[in-house]
Amino acid sequence: MSETEIRDDRAAGRLEAVGDGEVVGHIEYFVLESPARALVPVHTIVEPAHEGKGIAGSLARELYALAAREGVPVAPLCPYVVKWAERHPEAAPPADPALRSAAKEWLRAHPDRF
């Protein structure tokens, strides 16, 4: 497999890892607007043939880098991203509990979104 490229498809709410012209993994997320703007990852998925290659970690790292570039926090709901953030505090500032609560409420109000 050639080098993996990570691209943000904001309209679809997906941060995608692309290798050899195909999506090999992605993080599904939404942008929370209130009480403050934040990126909220909900699911991390890596295709079975590409597991164990560090793709999920690269996606999580890029999500936090993207949020930093935009000047917004990450309020993770995805269990993988939560654990990744705990292991990488230098790259993943702790989530504001109020934003995580608001993100959970948004998700409950939009059950068909994910």
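1. Is Glu16 buried or exposed? Glu16 is buried, at 7% relative accessibility (buried is under 20% relative accessible area, exposed over 50%, partly exposed in between, with a 1.4 Å probe and protein chains only). Before going on, note that this is a predicted model, where local features need pLDDT of at least 70 and side-chain atom pairs count only at pLDDT 80 or more, while totals for chains, interfaces and linings use all residues. Residues are numbered from 1 along each chain as its sequence is written, and side-chain values use heavy atoms, with hydrogens and water left out.

2. What does Glu16 pair with? The side chain of Glu16 meets that of Arg7 in a salt bridge, at 3.0 Å from N to O (a salt bridge is a side-chain nitrogen of Lys or Arg within 4 Å of a carboxyl oxygen of Asp or Glu). Arg7 is partly exposed, with a relative accessible area of 37%. The structure holds seven salt bridges, so here are a couple of others, starting with Arg10.

3. Arg10 is worth a look. Asp8 forms a salt bridge with Arg10, with the closest N and O atoms 3.3 Å apart, and Glu70 meets Arg10 in a salt bridge at 2.6 Å, N to O. Glu70 sits in helix 1 (residues 55-70), whereas Arg10 is in the loop between strand 1 (5-9) and strand 2 (14-19), so this pair ties together parts that are 60 residues apart in sequence (helices, H or I with at least four residues, and strands, E with at least two, are DSSP runs numbered from the N terminus). Glu70 is partly exposed at 34%, Asp8 is partly exposed at 32%, and Arg10 is partly exposed at 29%.

4. Now the sheet. It is an open one of four strands in the order 1-2-3-4, with antiparallel pairing (two strands pair if DSSP finds at least two bridges between them). Strand 1 and strand 4 (38-46) are at the edges, each with a single partner strand, so one side of each has no neighbour in the sheet. From one strand to the next, the twist averages 25 degrees.

5. On the pairings: strand 1 and strand 2 run antiparallel over five bridges, with Glu5 opposite Val18 in strand 2. Their hairpin has four residues between the strands, and Gly13 takes a positive phi near 70 degrees there. Strand 2 also pairs with strand 3 (residues 22-32), antiparallel over six bridges. Gly19 has Glu22 as its bridge partner in strand 3, and this hairpin has two residues between its strands, with Asp20 in the turn at a positive phi of about 55 degrees.

6. As for strand 2 itself, five of its six residues are buried, so this strand is largely enclosed by the rest of the structure. Arg14 has Glu28 as its bridge partner in strand 3.

7. Helix 1 packs on the sheet and touches strand 1, strand 2, strand 3 and strand 4, its direction making about 165 degrees with that of strand 4 (contact means heavy atoms within 4.5 Å; axes are lines fitted to C-alpha atoms, for helices over the stretch in contact, and angles run from 0 to 180 degrees between N-to-C directions). Helix 3 (residues 97-109) also packs on the sheet, touching strand 3 and strand 4, with its direction at about 105 degrees to that of strand 3.
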